[in-house]
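User: Please take a close look at how side chains pair up and pack in this model. I'm at the bench, so keep it plain and walk me through one pairing at a time.

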Amino acid sequence: MKRASLAVLAAFRLCASAQAQDASESAVPLAVSKSAQLLTGDTWRDGDHLFRLYGVQSCLRGTSAEEPNGNKIDCGNTSLAHLAALFDSAAVTCQPIGHALDKAVFVVCGAQLNGETIDVGTALIATGYAFAATTAKGKAVNENYLVAEINAKMKRAGLWGTTFQHPVQLLLSQGLEKQQ
């Protein structure tokens with residue numbers, strides 16, 4: 001678990017240091033294949049490429065969430081399952097917007113559901129199965145995602161109906177421990 005947490009911390013830091021592509025270099029949108037290998041609730045591998053949802057932080061795999069009945073679940077696997085369900089039930093197209101230091105491509109994705117296009121990050125966060133990513137200083141990467149997270153929390157949607165350690169707070173505290 002510690003190794004996985006460190007990997008997620010590295011991904012978290014990379015998200016904060018992403019370099020947006022110049023408008024003149026904007027990449028062509030790409031469809032997520034049904035054979036994509038999901039790694040976390042916000043990261044997947046498709047062929048030789050690693051993709052990460054920009055501005056989204058999934059729950060960390062190996063961390064627990066406790067349901068009201070006392071049942072413990074793996075918080076990260078729950079986030080992963082909801083990303084998988086969305087990818088399985090909709091045609092998802094992503095727009096690359098930058099690269100992380102680990103060569104992952106940051107993407108913003110839309111899913112076609114019932115004739116409507118929904119933002120994948122907003123859908124995951126608004127339903128309570130992902131969170132608004134922040135910079136290392138704790139500022140939301142995407143303010144709209146923060147609003148969606150606050151609404152999900154108020155409604156006790158998804159993981160907000162459980163007791164868990166917020167992944168952003170966990171990553172920020174781990175980052176502080178490493179600096180000391």
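Analyst: Let's start with the overall wiring: of the contacts between residues at least 6 apart in sequence, 62% join residues at least 24 apart, a contact meaning heavy atoms within 4.5 Å. Keep in mind that this is a predicted model, where local features need pLDDT of at least 70, side-chain atom pairs count only at pLDDT 80 or more, and totals for chains, interfaces and linings use all residues. Residues are numbered from 1 along each chain as its sequence is written, and side-chain values use heavy atoms, with hydrogens and water left out.

How confident is the predictor? The average pLDDT (the predictor's confidence in each residue, from 0 to 100) is 85 for the chain, and 82% of the residues score at least 70. Residues 1-25 are the part to handle with care, with pLDDT below 50, although this stretch has 49 contacts in the model beyond near neighbours in sequence. Where pLDDT is low, the predicted coordinates should not be read in detail.

The chain has five helices and 13 strands, taken as DSSP runs numbered from the N terminus (helices are H or I with at least four residues, strands are E with at least two). Of its 180 residues, 44% are buried, where buried is under 20% relative accessible area, exposed is over 50% and partly exposed is in between (1.4 Å probe, protein chains only).

Now the cysteines. There are two disulfides, each being a pair of cysteine sulfur atoms within 2.5 Å. The bonded cysteines, counted along the chain, follow the pattern 1-2, 3-4.

Cys-59 and Cys-75 make one of these links, with sulfurs 1.8 Å apart, and with 80° about the S-S bond it is right-handed. Cys-59 sits in the loop between strand E6 (56-58) and strand E7 (64-66), while Cys-75 belongs to helix H2 (residues 75-89), so the bond ties together parts 16 residues apart in sequence. Both ends are tucked away: Cys-59 is buried at a relative accessible area of 1%, and Cys-75 is buried at 0%.

Cys-94 pairs with Cys-109, S to S 2.0 Å. The torsion about this S-S bond is about 100°, so the link is right-handed. Here the bond runs between strands: Cys-94 is in strand E9 (residues 91-99) and Cys-109 in strand E10 (residues 105-113), so parts 15 residues apart in sequence are tied together. Cys-94 counts as buried at 1% relative accessibility, and Cys-109 counts as buried at 3%.

While we're at H2, have a look at Thr-78, which lies in that helix. Thr-78 counts as buried at 15% relative accessibility. Leaving aside neighbours within four places in sequence, Thr-78 is in contact with Ile-73, Tyr-129 and Leu-159.

On to the rings. The structure holds six aromatic pairs: rings of Phe, Tyr and Trp (its six-membered ring) pair if their centres lie within 6.5 Å, with planes under 30 degrees apart called stacked, over 60 edge-to-face and the rest tilted. Trp-44 and Phe-51 are a stacked pair, 5.9 Å centre to centre with 25° between the planes. Trp-44 is buried at 1% relative accessibility, and Phe-51 is buried at 6%. Phe-131 and Trp-160, in turn, meet edge-to-face, 5.6 Å centre to centre and 80° between the planes. Phe-131 is part of strand E12 (residues 130-132) and Trp-160 of the loop between helix H4 (143-155) and strand E13 (163-164), so the pair ties together parts 29 residues apart in sequence. Phe-131 is buried at 0% relative accessibility, Trp-160 at 9%. Going back to the stacked pair, ring pairs link Trp-44, Phe-51 and Phe-87 into a cluster.

Finally, H4 itself. This helix has 13 residues and reaches 19 Å from its first C-alpha to its last, close to the 18 Å expected (1.5 Å times one less than the number of residues). Tyr-145, Ala-148, Glu-149 and Ala-152 of H4 are buried. These four cover an arc of only 100° around the axis, which puts them on the same side of H4; the arc is that of the directions from the helix axis to the C-beta atoms. That spacing fits the general rule: an α-helix has 3.6 residues a turn, so residues three or four places apart point the same way. The buried residues of H4 pack against E6, strand E11 (116-119), helix H3 (120-126) and E12.
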